[in-house]
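User: I've got this model open and want to know how the labels on it are justified. Can you take me through the reasoning?

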Amino acid sequence: MKKHNFYAGPSIMSQYTIKNTADAILDFAGTGLSILEVSHRSKEFQAVIDEATALMKELLGVPEGYHVLWLGGGASTQFAMVPFNMLEKKAAYLKTGKWAANAIKEAKLFGEVDVVASSEDTNYNYIPKDYTIPTDADYFHYTSNNTIFGTEIRKDLDSPVPMVCDMSSDIFSRPVDVSKYALIYGGAQKNIAPAGVTFVIVKEDALGHVSRAIPTMLNYQTHIKKGSMFNTPPVLPIYSALMTLRYYKELGGVEALEKIDLEKAAVLYDEIDRNRLFTGTVAEEDRSIMNVCFVMKPDYAELEKDFIEFATSKGIVGIKGHRDVGGFRASLYNALPLDSVKVLVDAMKEFEAKH
Ligand SMILES: *Cc1c(COP(=O)(O)O)cnc(C)c1O
């Protein structure tokens with residue numbers, strides 16, 4: 001049976017990425033060797049990381065003065081690396097979900113943290129908009145897409161201090177004005193590559209302003225100087241990232257991706273709003289186009305398990321909601337075809353007719 005993959009992360013990847021990665025596992029760039037067994041210092045792999053970096057810059061419009069890094073450790077290591085490198089006295093954070101809360105926890109190890117606003121009191125079901133960023137903060141940090149709760153900030157915010165953003169789960173779903181940010185980071189496993197590589201886009205002059213000593217591996221400047229090759233980078237995920245980026249370019253870049261993403265999200269949200277059994281969990285104006293969270297209406301709450309089973313029988317995978325929200329979460333990352341969303345919508349309609 002054809003599967004429709006709505007997992008939140010790791011998550012669906014394009015067949016282009018998967019097939020080309022599989023080919024390179026058997027024979028990488030005509031070397032007669034697997035990508036799994038070549039030196040990261042080989043000229044063939046150097047060409048891979050160079051092209052992946054160039055495509056990140058091209059597709060996201062990364063201006064002069066910024067570097068693209070490919071690191072290990074996941075977005076969660078960035079929660080500590082950002083303050084290690086950038087927090088001298090105080091940083092401002094917007095608390096919109098679990099990942100933001102994790103980032104705040106790490107930042108507190110390095111200095112004062114001003115949480116400018118939080119939606120924790122309502123289980124993060126909206127994005128706070130009324131807050132002031134202190135002008136004496138070293139930087140302002142926010143999460144553009146709250147993967148667990150299904151809210152998203154679909155525009156570049158403004159900040160009087162350098163801005164840092166965790167874009168793990170909505171990178172490549174809209175054009176971004178990189179020049180507004182000091183640093184953008186994310187785990188690649190939602191919209192770019194298999195788990196294991198983290199992308200960082202960092203403005204050179206945002207670094208070098210803290211007085212503490214920074215361990216070599218946690219210092220962005222190490223990785224800038226060595227072109228992400230200070231130590232062995234995650235070779236295979238970087239190769240897959242290159243395949244995805246080539247595919248994104250072929251599709252027409254971020255503008256084209258955004259158009260498809262908006263359409264997919266609209267199809268699903270329209271059905272959630274129409275269907276007698278279901279309801280969305282977040283404020284309408286803050287709805288994420290990447291992670292769609294919904295639940296059974298109270299009168300039908302006991303049908304939750306049945307719907308998961310029904311959906312499973314249609315080949316739908318990964319729609320169980322995160323334990324902090326319950327219900328359902330359909331992740332509509334770039335690689336998910338519109339047809340899969342239609343299969344989910346049809347299942348919701350059929351399920352409604354039966355109850
Ligand atoms: C998945 C996710 C993370 C965690 O990423 P890891 O690579 O597993 O550390 C952080 N932030 C956001 C917004 C995420 O979606």
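**Labels and the values behind them**

Analyst: Sure. Start with K90, which is buried, with a relative accessible area of 12%. Keep in mind that this is a predicted model.

User: What makes K90 count as buried?

Analyst: The cut-off for buried is under 20% relative accessible area. K90 has 12%, so K90 is buried.

User: How do you know that D136 and K90 form a salt bridge?

Analyst: A salt bridge needs a Lys or Arg side-chain nitrogen within 4 Å of a carboxyl oxygen of Asp or Glu. For D136 and K90, the closest N and O atoms are 3.0 Å apart, so the pair qualifies. K90 belongs to strand β3 (residues 90–95), while D136 is in the loop between β4 (112–118) and β5 (140–143). The two are 46 residues apart, and the pair links distant parts of the chain.

User: Is D136 buried or exposed?

Analyst: Exposed: D136 has 51% relative accessibility, and the label applies over 50%.

User: How many salt bridges turn up in the whole structure?

Analyst: The search finds 18. One of them joins D286 to K129, with the closest N and O atoms 2.9 Å apart. Here D286 sits in the loop between β11 (278–280) and β12 (291–296), and K129 in the loop between β4 and β5, 157 residues apart. There's also a network of salt bridges linking E271, R274, K349 and E352.

User: Why are D286 and K129 given opposite labels, buried and exposed?

Analyst: D286 has 3% relative accessibility, which is under 20%, so D286 is buried. K129 has a relative accessible area of 53%, which is over 50%, so K129 is exposed.

User: What about K98 and D324: why do they count as partly exposed?

Analyst: Partly exposed covers the range between the 20% and 50% cut-offs. K98 has 29% and D324 has 28%, so both fall in that range. They also form a salt bridge, with the closest N and O atoms 2.7 Å apart. K98 lies in helix α4 (residues 98–107) and D324 in the loop between β13 (316–317) and β14 (328–331), so the salt bridge ties together parts that are 226 residues apart in sequence.

User: Why is α6 called roughly perpendicular to α7?

Analyst: The axes of α6 (residues 235–251) and α7 (residues 253–274) come within 7 Å and cross at roughly 80 degrees. Roughly perpendicular covers 65 to 115 degrees, so α6 and α7 get that label. Y248, K249 and L251 of α6 make the contact with G253, A256 and L257 of α7. Sorted by class, that's four nonpolar, one polar and one charged residues.

User: Which residues touch the most other members of the largest nonpolar core?

Analyst: W70, F140 and F172, in a core of 54 residues. Leaving out residues up to four places away in sequence, the contacts of W70 include I49, M56, F199, I238 and L245. A second, separate core has 31 residues, among them L268, L277, L336 and M348.

User: Last one: what makes K2 exposed?

Analyst: The relative accessible area of K2 is 56%, which is over 50%, so K2 is exposed. K2 is in the segment before β1 (4–5). Setting aside neighbours within four places in sequence, K2 is in contact with K314 and G315. K2 and S340 are 338 residues apart in sequence and 9.7 Å apart in space, C-alpha to C-alpha.

Notes:
Residues are numbered from 1 along each chain as its sequence is written. This is a predicted model: local features need pLDDT of at least 70, side-chain atom pairs count only at pLDDT 80 or more; totals for chains, interfaces and linings use all residues. Side-chain values use heavy atoms; hydrogens and water are left out. A nonpolar core is a set of buried Ala, Val, Leu, Ile, Met, Phe, Trp, Tyr and Cys residues joined through side-chain atoms within 4.5 Å. Buried means under 20% relative accessible area, exposed over 50%, partly exposed in between (1.4 Å probe, protein chains only). Contact means heavy atoms within 4.5 Å. Axes are lines fitted to C-alpha atoms, for helices over the stretch in contact, and angles run from 0 to 180 degrees between N-to-C directions. Helices (H or I, at least four residues) and strands (E, at least two) are DSSP runs, numbered from the N terminus. Angles under 35 degrees count as roughly parallel, over 145 as roughly antiparallel, 65 to 115 as roughly perpendicular and the rest as oblique. Ala, Val, Leu, Ile, Met, Phe, Trp, Tyr, Cys and Pro count as nonpolar, Asp, Glu, Lys and Arg as charged, and the others, Gly among them, as polar.
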